[in-house]
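Subject: A structure for you to look at

Hello,

Here is the structure I promised to pass on. Please open it alongside this email, and the notes below will walk you through what I found.

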Amino acid sequence: MSDKSNALGKSDIYDARSLGTPKVAILGIQHMFAMFGSTILVPMLTGLDVSTTLLFAGLGTLLFHLLTKRKVPAFLGSSFAFLGGYMAIAPMLDGQPNKELLPYACFGVACAGLLYLVLALLIKLFGTKRVMKFFPPIVTGPIIISIGLTLSHTAIDSCSTDWLTALTAILLVIICNIWGKGMIKIVPIIIGVIGSYLLAAVLGGVDFIPIQPVDFTAIREAAWVGLPIHWNDTVFSLLGKADTELLITALITIMPIALATMVEHIGDISAISSTVGRNYIKDPGLHRTLLGDGLATVLASLFGAPANTTYGENTGVLSLTRVFDPLVIRLAACFAILFSFCPKFAAVIGCMPTATVGGVSLVLYGMISAVGVRNIVETRVDFSKTRNVLIAAMILVLSIGIAYSSAGAIVFTVGDVTIQLSGLAVGALVGIFMNAVLPGKDYNFDEETPSETGVDFSVRNKEK
């Protein structure tokens, strides 16, 4: 398969092996670093184990690639969408994990993952077209934009802990990507992480330099080798002694969250498709990507790891590097599995300055939103039509407005069940509804030629 150039003249690489083994290995490590900050943040917030999280992020990614015919360059990391569910069922106790109730929360998340399988089956039975007619670019474009913008506040919060370290990471990423040559140009994330990490390690704590010091105590105390799975933290530990009422509460509290995450999944796959220039919704098919994501979530949750989701950070890396070979992602997954058996490595990542994670995330989240803008531009969505303006407006203002509101979500009660919908979920659902009922649609998923609200995958990187 030959590589082609994008509109900016940069080479799009679909076979990373042409770069040589050392470069491929570095690219894999870069993707691993890109997902680390957010992936380990979820267990840190919920009390789940970091090493277990790394193991099942890697295993879940490999399972996803197996089920999607090794075609989709997606990495599966910890999902933030279920944080509310974990905290509702197993809230932290004075900053310490709630070991007794965490397995119940994981059970609820595992059942939520099963809903992905139900939707995948429906798509397989009735066809992708019947689903995707609700997700034209006028819907998915603003959703993708909102994904990056709603995540951006976490990056800003992280950067604000130490702006000098964060700006170092940002500048290194930009300089390497714009002016770098050869390998430097395609590993800007690694350089940004290492450069800002070293800056904080060397100059942190110096009186006249405003840089937060790095505490290496956890690294010194961590063992070199350890098992990443702990039986008492798994759902299987509940066998024979589970509280039925708690199980039901976990189900009705957490399973509805899957309605939002499945919409996000479609947005993520659309973002990856737009970035790479290939229609992964048609091939290998949305039913396969949903199946992979759902089974990865079920597997991870059963063994005490967070729910998995297709990671926007890694989509941002794809957009920056223009290396689209899924092999690189699978290599990152293998590294994650390998390092899950090394608590000391997890400690090294855990000691990474918060500002370093923030600086890198700031760039990557921005890249996600930029992909959404490009998706709208390249598919030639007609904003002279009032319907399109209204749909985009409502998705953006609801997704971002609710996310940054004092509540941070829409919360309502049905009977004894409290349901919490994120801004992104509300925006996506409203956008889908408006697109379905407003007149003026001209979208046909089977066509890959430009139309006012259609998909255009024919003009970039089509395989001959």
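One definition before we start: the expected span of a helix is 1.5 Å times one less than its number of residues. Please also keep in mind that this is a predicted model.

Let's try that definition on helix H15, which covers residues 326–340. With 15 residues at 1.5 Å a residue, H15 should span 21 Å, and its end C-alpha atoms are 21 Å apart, so the two agree. At the start of this helix, aspartate 325 has a side-chain oxygen within 2.9 Å of the backbone nitrogen of leucine 327. Which residues of H15 are buried? They are Pro326, Val328, Ile329, Arg330, Ala332, Ala333, Phe335, Ala336, Ile337 and Ser340.

Now for the chain as a whole. The secondary structure comes to 19 helices and 6 strands. There are 464 residues in the protein chain, and 55% of them count as buried. If you take contacts between residues at least 6 apart in sequence, 80% of these join residues at least 24 apart. The accessible surface is about 19300 Å², with 67% of that belonging to carbon and sulfur atoms.

Next, the interior. The largest nonpolar core has 63 residues, and Phe82, Tyr86, Ile143 and Ile254 are those with the most contacts inside it. A second, separate core has 40 residues, among them Ala169, Ile190, Val193 and Ala332. You have met Ala332 already, as one of the buried residues of H15. Back to isoleucine 143: once its neighbours within four places in sequence are set aside, this residue is in contact with Val263, Ile395, Leu424 and Ala428.

Another residue to find is isoleucine 266, in helix H12 (residues 257–276). Is isoleucine 266 buried or exposed? Its relative accessibility is 3%, and buried means under 20%, so isoleucine 266 counts as buried. Its C-alpha atom is separated by 8.3 Å from that of isoleucine 281, which is 15 residues apart from it along the chain.

Finally, a word on confidence. The protein chain averages a pLDDT of 81, and 88% of the residues score at least 70. Over residues 5–9 the pLDDT is below 50, and this stretch has 5 contacts beyond near neighbours in sequence. Residues 445–464 also have a pLDDT below 50, with 68 contacts beyond near neighbours in sequence in the model. Where pLDDT is low, the predicted coordinates should not be read in detail.

Enjoy exploring!

Best wishes

Technical notes
Residues numbered from 1 in each chain as written. Heavy atoms only, no water. Helix = DSSP H or I, 4+ residues; strand = E, 2+ residues; numbered from the N terminus. Buried < 20%, exposed > 50% of the residue type's maximum accessible area, 1.4 Å probe, protein only. Core = buried A, V, L, I, M, F, W, Y, C linked by side-chain atoms within 4.5 Å. Contact = heavy atoms within 4.5 Å. pLDDT = per-residue confidence, 0-100. Areas by Shrake-Rupley, 256 points an atom, 1.4 Å probe, with all protein chains shown as cover. Polar contact = N/O pair within 3.5 Å; in protein donor to acceptor, adjacent residues only side chain to side chain.
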